[in-house]
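Here is a short set of exercises to work through with the structure open beside you. Try each task before reading its solution.

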Amino acid sequence: MSAQKGANPARRLFATILACEAIMTALAFPVAVSVMKVDGATAGAVCGGLAVACLLVAGLLRHSWAVAVGTVLQVLIIATGFMVPAMFFLGVVFGALWATAIWMGRKAASVQAR
């Protein structure tokens, strides 16, 4: 299977990170409501919205702008730490994975260009 010219070689890694983040963010919803006593509608809108956004962006990674949108999602997921403090840590971990995927994708693209 050959790679398409101009295709992002790290697309599968980006999609995997976003899918795992969607699961993690969805699981933050019951914690926010039952443990942190956040309003159910607020927690549902934030956690559910971010989970759906992660899955949508994972499906749209064939577009060059999707990586930038994914980067914005990383910041928003870190911000969910204001509802569930553990999300600060988990968001930073996934943000580091995202940054590593960007770095690896650029490195792979430069090797492909040779």
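**Exercise 1: Cysteines**

Task: find out how many disulfides the structure holds, and work out why Cys54 is in none.

Solution. Please keep in mind that this is a predicted model. Step one is the search: over the whole structure it turns up 0 disulfides. Step two takes Cys20, which is in no disulfide, its nearest cysteine sulfur being that of Cys54 at 10 Å. Step three applies the cut-off: a disulfide needs two cysteine sulfur atoms within 2.5 Å. The sulfur of Cys54 lies 10 Å from the closest one, in Cys20, and that is too far for a bond. Step four looks at the surroundings of each cysteine. Cys20 has a relative accessibility of 38%, so it counts as partly exposed. Cys54, with a relative accessible area of 0%, is buried.

**Exercise 2: Overall layout and confidence**

Task: describe the fold of the protein chain in terms of helices and strands, then say where confidence is lowest and where it is highest.

Solution. Begin with the count: the protein chain has 4 helices and 0 strands. Along the sequence this reads as α-α-α-α. The C-alpha atoms fill a box of roughly 55 × 20 × 20 Å along the principal axes. Of the 114 residues, 32% are buried. Next come the contacts with a separation of 6 or more: 68% of them join residues 24 or more positions apart.

Now turn to confidence. The mean pLDDT of the chain is 92, with 94% of its residues at 70 or more. Confidence is lowest in helix α4 (residues 86-113), with a mean of 93, and highest in helix α3 (residues 66-79), at 98. A reading tip: where pLDDT is low, the predicted coordinates should not be read in detail.

**Exercise 3: Two helices side by side**

Task: decide whether α1 and α2 are roughly parallel or antiparallel, and sort the residues of their contact by character.

Solution. First, take the geometry: helix α1 (residues 11-35) packs against helix α2 (residues 40-59) at an angle of about 170 degrees, and their axes are 8 Å apart. Second, apply the cut-off: angles over 145 degrees count as roughly antiparallel. The two helices, α1 and α2, are therefore roughly antiparallel. Third, look at who takes part. On the α1 side the residues include Leu18, Ala22, Phe29 and Val33, and on the α2 side they include Cys47, Leu50, Cys54 and Leu55. Finally, sort the residues of this contact: 17 are nonpolar, 3 polar and 1 charged.

**Exercise 4: Three residues, three settings**

Task: place Gln74, Ile23 and Pro85 in the chain, and classify each as buried, partly exposed or exposed.

Solution. Start with Gln74, which sits in helix α3. Its relative accessible area is 4%, so Gln74 is buried. Beyond neighbours within four places in sequence, Gln74 contacts Leu18, Glu21, Phe94, Gly95 and Trp98.

Move on to Ile23 in helix α1. With a relative accessible area of 55%, Ile23 is exposed. Its C-alpha is 13 Å from that of Leu56, a residue 33 positions away in sequence.

End with Pro85, located in the loop between α3 and α4. A relative accessibility of 46% makes Pro85 partly exposed. Measuring on screen from C-alpha to C-alpha, you should find Pro85 and Leu55 23 Å apart in space, with their positions 30 residues apart in sequence.

Definitions and conventions: Residues numbered from 1 in each chain as written. Predicted model: local features only at pLDDT ≥ 70, side-chain atom pairs only at ≥ 80, totals over all residues. Heavy atoms only, no water. pLDDT = per-residue confidence, 0-100. Buried < 20%, exposed > 50% of the residue type's maximum accessible area, 1.4 Å probe, protein only. Axes fitted to C-alpha atoms, helices over the stretch in contact; angles between N-to-C directions. Parallel < 35°, antiparallel > 145°, perpendicular 65-115°, else oblique. Contact = heavy atoms within 4.5 Å. Nonpolar A, V, L, I, M, F, W, Y, C, P; charged D, E, K, R; others polar.
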